Amino acid sequence: MGLYICGASLLCTLAMAVDAIQGFHKRNLWFPCKFFTINAASITLIAIAMKLPVDLTTGMSDGHIDSMENEGSFLFLLTMLANFLPSLGLMSDKELIMNIIALGLLIITISVNVWIKYFAGVVLLSAFGIISFIFPLIWTFSVALEVPATRRILEHRHKEFCKLDLTHQEINFSSKELVHYVKKYWMMAQTGNPQFVIDCSPVSYALGVLCLFTVIYASVFLVHHMRYTSNFWYGKSDYKWSSYAIYAVQLFGIVVGCIAPLFRSFTVMIYFNTKRPSLNYLNVFRVEKYWTQSLQRWKHIHIRSHIPGRRCKIVFHNFKNMILNICILTQTMVVVICKIVCVVPTSFVVLFSWCSAICKPFFERFKNEPNASDNDARSEIEKYASYILQVEDEAKISKKLLQNMLDSMNQILQDSKKKEPLNLINLLEKSTGFKGVVAFDNDQVPPLYLEETHNSWSLVVVTLTAIAVALPNVANDHVKGLLSSIREGLHIAKHIEESLNTNADLVKARKSARWLWTEVEVYNRWLHIELQNKTCNTKTSKEILQWLGDEAVKVVIRFKSCKGGNLDHSLHTFIAASSMYKISQTILLECSEQKNWPNDEELFERISTVISDLLCACFTNLPRAIKTKCHHDAMEKRADSIWSAAQLLGKSKKILKILKARQLPNLDPDSMAYIDKWRALLKIEIAYGCDSSEGAQLASSSSNESLIVTVV
């Protein structure tokens, strides 16, 4: 059992450590919770780690050892509460209620069992142990009551910003504009993150201060027992030697777990604008409205009750309001107490800012002229300061914190730029237009089945790549180069399709392409068929194309005759086979119409050019995909989505530069996301020999076309 407790404590410690490492890595020094969050799994681990304080079935023969281990567990619990406190901001109202009830039941159980052992004289608790155990319970519930109001305020202000900043529909390949757009929404996502608001609250500040004293107290407590307790190493316990292992692991967890809360406290210290110090920071008796807003709202909610009689209902509602008034008073007291705990460090910050403001003119005499980078940093802060989301309008975030947020975004963009897809860029430079969007599929080739599947960018690219890999007499370096280019291209196309192609049929096609690409890239197979076996190498390219078409026909026939099995796998197989048949027969038809059949290298280059045209057409949606990622609906996923958009932008700058020189078809932005709508317009342009605008008008007015192309 002792090792079981050690394992649970170690898992909690590792989760806290990973959150701390990720905070340093992403330069989020307010350390948002991602791994150690409050949920069913973490509550279970905490319950196992707290086995010693709640264990009533076994007793310790040595009171000092029992007291040491119990206080160590209490302090470890305090550290864990301080770490996952911001994760309360990630939850919806329903999730918050369920998790807080579960956590409350756990802490009440621990509390009752500890008091039973205390009054039985088994455990000798100090005053600090009792305080550190009772206070976090109240503080956790206090933050939980504040979260719903905070989320509503932040979401409302985010929507107001988005209304003022309507997304332009025209396609713009300017990387500078996209960088500005991403940074703007990054500032809103960071400052409007409920976790950030909780981290900058007095409760989180006070927990960070308590965590500092927790580390000091635990260390002193251990040294005291080792020096002044003669039988420290020889105390008898039902857990035997594992009791010391439990204490060692939990002490290590206390040290590791204090990193994030302490840095959050430092974040609160610099949260306010210290350039203009004011005694308002020391007004501990001022409690903001959002702390009690939920409780006040509950007072005015009518609760349906089956209580008979008007007087009984009056008594019931008065009793309800009395309980809520007690909760409001308790909530106010908790906030005031937390602010009092924060007074001393806050006083030092205000005093230091006063001294720096007084001494600043003196030191400026010896200071060199500000360099260009400092001026750029100041102007950048001023540029994005208007996009800050705050619960309180009076509070002002310091420029240091804003600079830290902008630096983290600049670092993402720089790191992503170093990972530019060079192979993909070389492939895109082969493209001279968008003719490949039409060339891959000929209307003269009928579909294998009436229920024709929809084309997606990635499915067509993967199918063409499979055909190119199957061609004989092609240099191995050329094949490897193409596979590397497609790997990089599909990574970007994935972001575009996931952001813009939400149609159910296109989602199926995208999943089929992803599943098929693994086979093509890793195993050089297509639907378990070897593309580069010795038998194929003896065939001509014409025979290869015919063979792939025949294999596709067999797959479709098997799919239609199959009544059982894995439906998802069969559907992916059917979609892949349908695409292969149409594309292989199109290439076969076009090559047969030529006077001389192209050799294998020429056909490989022709397919590579078609792929290049397709990817260029797909990547014209990059600006819109990046902007769409900045508008994630879920508040808790918004920052990660913008982080992903920044990475995509950083590695796509050269691609945007290539596309900037292209003349785009006159499609509306929504239609540009779909390959079939591109083909509809381009086919009309080729048929009538007109330009893009005339082709769009013909496409929209033609009664023979089932697909309407909207003109900008």
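Visitor: Which residues of helix α28 (residues 653-660) are buried?
Guide: In this predicted model, the buried residues of α28 are Ile655, Leu656, Ile658 and Leu659.

Visitor: Why are the buried residues of α28 said to line one face of the helix?
Guide: Look down the axis of α28. Its buried residues fall within an arc of 160°, so they line one face.

Visitor: What does the face of α28 turned away from its buried side carry?
Guide: That face carries Lys657 and Lys660, both exposed. Exposed requires over 50% relative accessible area.

Visitor: What covers the buried residues of α28?
Guide: The cover includes α7 (175-191), α17 (422-428) and α20 (476-500). It also includes α25 (600-619), α26 (622-629) and α27 (638-651).

Visitor: What makes Arg624 and Asp670 a salt bridge?
Guide: The cut-off is a nitrogen-to-oxygen distance within 4 Å. The side chains of Arg624 and Asp670 meet at 2.5 Å, N to O, so the pair qualifies.

Visitor: Which parts of the chain does the pair of Arg624 and Asp670 link?
Guide: The pair links distant parts of the chain. Arg624 sits in helix α26, and Asp670 in helix α29 (residues 669-672). They are 46 residues apart.

Visitor: Why are Arg624 and Asp670 called partly exposed?
Guide: Partly exposed lies between the 20% limit for buried and the 50% limit for exposed. Arg624 has a relative accessible area of 23%. Asp670 is at 41%. Both values fall in between, so both residues count as partly exposed.

Visitor: Which residues are joined into one network by salt bridges that share partners?
Guide: Arg286, Glu288 and Lys339 are joined that way. Within this network, the closest N and O atoms of Glu288 and Arg286 are 3.3 Å apart. The limit is 4 Å, so this pair passes as a salt bridge.

Visitor: Is Glu288 buried or exposed?
Guide: Glu288 is buried: its relative accessible area is 11%, and buried means under 20%. Its partner Arg286 has 34%, so Arg286 is called partly exposed.

Visitor: What separates Lys554 and Glu551 along helix α23 (residues 541-561)?
Guide: About one helical turn, because they are three residues apart in α23. Their side chains meet in a salt bridge at 3.7 Å, N to O. That is within the 4 Å cut-off.

Visitor: Why does Glu551 count as buried?
Guide: Glu551 has 17% relative accessibility, which is under 20%, so it counts as buried. Lys554 has 44%, so Lys554 is partly exposed.

Visitor: How many salt bridges does the structure hold?
Guide: The structure holds 15 salt bridges.

Visitor: What makes the nonpolar surface patch of about 380 Å²?
Guide: Leu212, Phe213, Ile216 and Val220 make the patch. Leu212 is found in helix α9 (residues 202-228).

Visitor: Why can Leu212 belong to a patch?
Guide: Patch residues need over 30% relative accessible area. Leu212 is at 42%, so it clears that limit. It counts as partly exposed.

Visitor: Where is confidence lowest in the chain, and where is it highest?
Guide: It is lowest in helix α31 (residues 692-701), at a mean pLDDT of 45. It is highest in helix α19 (residues 457-470), at 95. Over residues 692-712 the pLDDT is below 50.

Visitor: What is the mean pLDDT of the chain?
Guide: The mean is 82. Of the residues, 82% reach 70 or more.

Conventions:
Residues are numbered from 1 along each chain as its sequence is written. This is a predicted model: local features need pLDDT of at least 70, side-chain atom pairs count only at pLDDT 80 or more; totals for chains, interfaces and linings use all residues. Side-chain values use heavy atoms; hydrogens and water are left out. pLDDT is the predictor's confidence in each residue, from 0 to 100. Helices (H or I, at least four residues) and strands (E, at least two) are DSSP runs, numbered from the N terminus. Contact means heavy atoms within 4.5 Å. Patches are made of residues with over 30% relative accessible area and no salt bridge: like charges are joined within 9 Å, nonpolar side chains (Val, Leu, Ile, Met, Phe, Trp, Tyr) within 5 Å. Accessible areas come from the Shrake-Rupley method with a 1.4 Å probe; for residues, only the protein chains shown count as cover. Buried means under 20% relative accessible area, exposed over 50%, partly exposed in between (1.4 Å probe, protein chains only). The arc is that of the directions from the helix axis to the C-beta atoms.
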